[in-house]
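Student: I would like to practise reading a structure by asking how each label is earned. Could we go through one together?

Tutor: Gladly; let us put it on the screen and begin.

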Amino acid sequence: MSTAPITYLTTPEQQHLLFLCLPLKETPSLPKPTVDLVSALGSMLAGKQLDGAPTAFDSRPATGVHFTMSFAQWAPGVNPWFPAPSLPPPFPIFQVPPPSSKGKRNLLVVMAIYDADFGPYIGAFTNSQAFSALLDLVLLNLDETDFVSDDDPTSAVNILANNGTYANPDALVQLLMRYNHADPTAPITAIFPGLTDTKILKTSGGYPDANQLWPLPQAKIAFAPSVPPPKPRQPL
Amino acid sequence: MKKKTSAPKSDQATAAQADYDDIQGLLVNGYRGYNYIRFLIFTIPDANIQVVRDLCGKLVPGTAGSALTISAATRWFSKQTTKPPYRLNLGVTNTGLKKLLSSPADIRPTNYETVYNKSYQLMNRFDVGAADPNTALRVGDTGPSAPALWWKSAGWILKNQDPTKTDLDLLFSLYAPSAKERDKWSGKLMKMIGSNSAILAFQQDSDPLDPAGQKIHFGYRDGISQPRIEGFSEADPELDDRPKVASWHFMIEETKPIQPNPKLPPPPNYTAHPFLKNGSFAAFRLLAQDVKRFEDFINQKGPKQAELIASKMAGRWRDGTPIEVSPNKPENKHLLGQSLLNQYHLNNFDYVSPAQHQEPKPAPLGNPDIGQACPYGAHVRRANPRDDESVIGNADMASAHRVLRRARPYGPPYNPKDPKSAQQDRGLVGLFIGADLSNQFEFLMNTWVTNGHFSTGDNSPNSSGYDPLFGPPPSELPLPSSLTEFSYCVGDPAHPADYETLPGLPQLILTKGGLYVFLPSISALRHLSSGTIPSVTQ
């Protein structure tokens, strides 16, 4: 049986880019909850069962996340969790947000590639109280001073004052869109267009043995060392 | 796949009498027996706002001297024997609520803004409304269903006003047991409203197609599966396998501080100003159905196959029998002809493993893990995937996204022998109710009805494409066959050759009107009569 090439993609089959530049409160060092929550969010995406959560639930088809990465612009000498090279480029990668009337700010950059529309993607996180509790921690560390009024229903302050992200999924979507530098309606140029998490994980007809290869919770993975490229040549 | 526990002997939480007294009857009862309905949509001239506030006061149940009052849920709870002669319910749109909760120009925020700011999750979709372009895109109202084309049917009364530029503020739903009674009570209502108050803009009647008032124009028995609302269910908990859905999905609860606790039932996933308490939100829809196209589509393999195809498209045979329990033929007469237990069989079924009281047990087609007697693409399965957690967004027996359907047919029955009949306007009109329009009605339409690819278990060739009872809207881009065909399994779901695929799925439903409305509680109706809101208690 011949198979026709893909020439049309429905919205759920498309991939989109999330590119958040979130203004963080300035603190002298990385607050531990912030570090923990980023790793916890990653673990949850990979199906890890959090303390107190009833079961490990496969959020991959719902979130449609293929890739995620975080980066923090922080005080000098503080290591970001972005895999930064030992030799930084001779210019800043990201600018920190302008200082607010209250003081300086730090920056948290989050990138992800996900399937389908932005609303269902974020909704897949806020549907879970455990995920939402982590997102609340992110909001707790935001400094939106001068960007949006605290009284605005979509401000981090207002969301947290009204039972957090679990009870304010639409407001969270709009908060994130304030800082999303990617157009959530523009499909990215995928190398394999239409290859969604849902298709990979199909019970039959998906990627062979997908659920054994990428089980829940995720197996511990050992990474073989990568070969570094040659260092930039010193002037002769 | 985890299985739900069996139904308890009684609902643990039972709503208090006071709650029933405060809730509009439509939220807990579909008013079967009141099969002659009139939907009346009004605009409120700015000069008449106070008159309409006064009208709201007269509509409060128990008001002396009022010809009609809003029907609360009270009667159905106390089991009075005398049936009321009519049932009347009220919805208020965003423009209507802004007018009724308006303040003098120098007072900010207005009462509307205060409620909005405290209830953002519930109010933000309501505030932009059903005709908003983003809303329309989300729920599939595009092309010939676009809001710019709405309200063009014979029901539009304000002939000299552009419907798209007219505030549609109030929606009355009047239910009566006969056409004569409907005319009588409608006349009294219009007299009560008067000529210097709200102005009638649109009117649509719904008459039953069968004596029981159960059928819709496509020939299906409708209104079978409604959510079982915790504390409000009248069903026998011993025999009813439907999962209980928290009442806050339909009757809005006032906000309380919450602490996440996975050992407790989830709290409301919204915050609400007390003005909204015991009210709800709803999408009012005027949906034209093309019966000739539907009949042509199901008859493309001949009349012998037509009923099977119709059942695969809906997930039920046209008499209501779920194909999950009876894949080969309708069994309704058999099911209903036995003991009392059997009335629950129309709803006691799941897709992955049988429900506790499911009878007869299914004879699986091919892979027993995947209930492919009913296609993933079938209307009832995508609207309520039940125990199938392979469906995106379904981790709770679909409870988070259920809607109450209060829709009935409009227009004359289709007569295939009359060539003119196909051109007549007919369809479905009514309310799709849920506290959170975004997470219930819009989620349902966006993620499950108008989009395929929502399940890791679905191996149909077109990944369920588009809901076959709606059919895809025309597109400027050439649509792929996956969106214009309907597939169902006739063997092993894992084998592509075991799917029957019907090409040329047409658009069968057009949206011809839509409103987002707030269904106020009786307490809120009192507040509307004075333009006030209750204070927030901390």
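Student: Which elements do the buried residues of α6(A) pack against?

Tutor: This is a predicted model, and in it those buried residues pack against β1 (15–25), α3 (118–126), α4 (129–140) and α5 (156–161) of chain A, together with α6 and α13 of chain B. The buried residues themselves are Pro169(A), Asp170(A), Ala171(A), Leu172(A), Val173(A), Leu175(A) and Leu176(A).

Student: What makes α6(A) and α6(B) roughly perpendicular to each other?

Tutor: Set the angle against the range. The two helices pack at about 70°, with their axes 7 Å apart. Roughly perpendicular covers 65 to 115 degrees, and therefore α6(A) and α6(B) receive that label.

Student: Which residues make the contact?

Tutor: Pro169(A), Asp170(A) and Ala171(A) come from α6(A), while Tyr120(B), Gln121(B) and Asn124(B) come from α6(B). By kind, the residues of this contact divide into 3 nonpolar, 2 polar and 1 charged.

Student: How many residues are in contact between the two chains as wholes?

Tutor: On the chain B side there are 32 residues, in contact with 31 residues of chain A. Both α6 (120–128) and α13 (438–449) of chain B supply at least two residues each to the side that touches chain A. That side of chain B divides into 16 nonpolar, 16 polar and no charged residues.

Student: Why is Gly64(A) called buried?

Tutor: Count its neighbours: Gly64(A) has 25 C-beta neighbours inside 10 Å. The cut-off for buried is 20 or more, so Gly64(A) counts as buried. Its place is in the loop between α2 (60–63) and β2 (65–73) of chain A.

Student: What does Gly64(A) touch, leaving out residues up to four places away in sequence?

Tutor: Its partners are Tyr114(A), Asp115(A), Ala116(A), Tyr121(A), Thr196(A) and Asp197(A).

Student: How do you know that Gly64(A) and Gln174(A) are separated in space as well as along the chain?

Tutor: They are 110 residues apart along the chain, and their C-alpha atoms are separated by 19 Å.

Student: Where in chain A is confidence highest, and where is it lowest?

Tutor: Helix α6 (residues 169–179) has the highest, at a mean of 97, and helix α1 (residues 32–45) the lowest, at 64. Local features need pLDDT of at least 70, so the mean for α1 of chain A falls under that cut-off. Where pLDDT is low, the predicted coordinates should not be read in detail. For chain A as a whole, the mean pLDDT is 82, and 80% of its residues reach 70 or more.

Student: How many helices and strands does each chain have?

Tutor: Chain A has 8 helices and 3 strands, and chain B has 14 helices and 12 strands. Buried residues make up 34% of the 236 residues in chain A, and 54% of the 538 residues of chain B count as buried.

Student: What makes up the largest nonpolar core?

Tutor: That core has 158 residues, and those with the most contacts inside it are Leu27(B), Leu174(B) and Val517(B). Strand β12 (residues 509–519) of chain B gives the most to the core, with 7 residues. Leaving out residues up to four places away in sequence, Val517(B) touches Gly91(B), Val92(B), Thr93(B), Leu171(B), Ala282(B) and Phe284(B). In soluble globular proteins, nonpolar side chains tend to be buried together.

How values were computed. Residues are numbered from 1 along each chain as its sequence is written. Chains are lettered from A and ligands numbered from 1 in the order in which they are written. Two residues are in contact if their C-beta atoms, placed from the backbone, lie within 7 Å. Helices (H or I, at least four residues) and strands (E, at least two) are DSSP runs, numbered from the N terminus. Ala, Val, Leu, Ile, Met, Phe, Trp, Tyr, Cys and Pro count as nonpolar, Asp, Glu, Lys and Arg as charged, and the others, Gly among them, as polar. A nonpolar core is a set of buried Ala, Val, Leu, Ile, Met, Phe, Trp, Tyr and Cys residues joined through C-beta atoms within 7 Å. A residue is buried if 20 or more other C-beta atoms lie within 10 Å of its own, exposed if 12 or fewer, and partly exposed in between; C-beta atoms are placed from the backbone. pLDDT is the predictor's confidence in each residue, from 0 to 100. Axes are lines fitted to C-alpha atoms, for helices over the stretch in contact, and angles run from 0 to 180 degrees between N-to-C directions. Angles under 35 degrees count as roughly parallel, over 145 as roughly antiparallel, 65 to 115 as roughly perpendicular and the rest as oblique.
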